[in-house]
Amino acid sequence: MTRTEYPWLLPSAMADAELPGDRARARRTVRDWVVDITAFLIAAGIALIALAGIENEGSTPDAVLVVDSVIGAAACCALWVRRRWPVGLAAALTVLSIVEPVAGGAMMVALFSLAVHRPFKPVAIVGAGALAVAPLQPWLRPDPETGYLTSVIFGVLLTLLVLSWGMVVRSRRRLVLTLRERARRAEAESELRAEQAQRLAREAIAREMHDVLAHRLTLLSVHAGALEFRPDAPTAEIARAAGVIRDSAHEALQDLREIIGVLRGPGDTGDGERPQPTLTTLDALIDESRQAGMKVTLDRRVAAPQDAPAATGRTVYRIAQECLTNARKHAPGTEVTVTVTGGPGDGLTVEVANPAPTEPFERVPGSGQGLIGLTERATLAGGSLEHGPTPGGGFAVRARLPWPAA
């Protein structure tokens, strides 16, 4: 929750963005000044009424009347520090009101301020003291127009009313501040969740970048290495290798443009999104690998591959793509077998296997993260993936993916 648009309309304890403590000394807002002036005028009005009653009674000496006037004015002026020292001021005015009726209004304002700005314990102590001395003032300075019992009952009820009102105001303020803090925390948690979602999206994009570009760049590395170590190769073979290098570089550039478009966000699109691979585009991947010189056998026994779920088909494609890339790196010249079986309700099973290489070859360095990414991809798709060496020294990857029944 952000700071209010008009903080000057709030009490100083609620105008700050942070949750203040009980003893925070915040600067007065415009509302505080209005409330302080109003409280001073109310206390001064009650003091003038009490002073007029004492003067009309006629039995009070003039010197005592002057002292009452000075003490009443000082009590009213002391209310300007009620926010800084509410406990001390309320206790002092409570004691003073025993012998000075003109300080009664200032005492009530001080008790209200104490209940608003301090927790229950000091309020209960000072309030109990105020209730205890309530019978003393009418007994020491009785009002001839009001009976003693009536004065005591009125004083007790007024004290209880002022304290209860102040505690209600304090409770409401604390509730508002608590709700504000909860809203601030909820907003911070929402921002944190958004950042985590963005980080996860970046990680997914990074995995996608590895899966896509590793296939392209491996083709570039293999054929560039072949041209380097076989400069006397036939012209047709050199031309074919150069064509594969050109096509792979072009595809890699297109993949990079697609990833950059994703990173830019939905508001900054480029030439449009490229179609995502599916189970039906697996043939094109196999053909591309064969054109690059690989020996690949595809055994696909899938009923209605065009009806496969998009996420499942894309996962099968990426698994096959990564496995072909790994076979090209670590077992060049071997025959890779890609088997895809299954259907609606039974799920899909994809298995890619290659034997151990029989001829020496130039090893292409790898990141070692491809199989980890495949496992995560299969898990996110709701399936599972296993991989490991075969008894003959080759390598096999087997994954099971869900395909719900229609």
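**Exercise 1.** Which residue in β3 is the bridge partner of Thr 339?

*Solution.* Keep in mind that you are working with a predicted model.
Step 1: Find strand β2 at residues 335-343 and note that 7 bridges join it to β3, with the two strands running antiparallel.
Step 2: Go to β3, residues 347-354.
Step 3: Look across from Thr 339, and you arrive at its partner, Glu 351.
Step 4: Take a look at the hairpin of β2 and β3 too: 3 residues lie between the strands, and Gly 345 has a positive phi near 85°.

**Exercise 2.** Find the strand that β3 joins through Thr 349, and say how covered β3 is.

*Solution.* Step 1: The bridge partner of Thr 349 is Arg 400, in β5.
Step 2: Strand β5 spans residues 395-401, and 7 bridges link it to β3 in an antiparallel arrangement.
Step 3: Of the 8 residues in β3, 6 are buried, so the strand is mostly covered.

**Exercise 3.** Work out how helices α2 and α3 are oriented to each other.

*Solution.* Step 1: Locate α2 at residues 30-57 and α3 at residues 62-78; their axes come within 9 Å and cross at roughly 170°.
Step 2: Angles over 145 degrees count as roughly antiparallel, and therefore α2 and α3 are roughly antiparallel to each other.
Step 3: See who makes the contact: among them are Phe 40 and Leu 51 of α2, and Leu 65 and Cys 76 of α3.
Step 4: Sorted by class, this contact has 9 nonpolar, 1 polar and 2 charged residues.

**Exercise 4.** Is Pro 86 buried or exposed?

*Solution.* Step 1: Pro 86 sits in helix α4, residues 86-96.
Step 2: Its relative accessibility is 2%, so Pro 86 counts as buried.
Step 3: Setting aside residues up to four places away in sequence, Pro 86 touches Leu 114 and Arg 118.

Note on methods: Residues are numbered from 1 along each chain as its sequence is written. This is a predicted model: local features need pLDDT of at least 70, side-chain atom pairs count only at pLDDT 80 or more; totals for chains, interfaces and linings use all residues. Side-chain values use heavy atoms; hydrogens and water are left out. Axes are lines fitted to C-alpha atoms, for helices over the stretch in contact, and angles run from 0 to 180 degrees between N-to-C directions. Helices (H or I, at least four residues) and strands (E, at least two) are DSSP runs, numbered from the N terminus. Angles under 35 degrees count as roughly parallel, over 145 as roughly antiparallel, 65 to 115 as roughly perpendicular and the rest as oblique. Contact means heavy atoms within 4.5 Å. Ala, Val, Leu, Ile, Met, Phe, Trp, Tyr, Cys and Pro count as nonpolar, Asp, Glu, Lys and Arg as charged, and the others, Gly among them, as polar. Buried means under 20% relative accessible area, exposed over 50%, partly exposed in between (1.4 Å probe, protein chains only). Two strands pair if DSSP finds at least two bridges between them.
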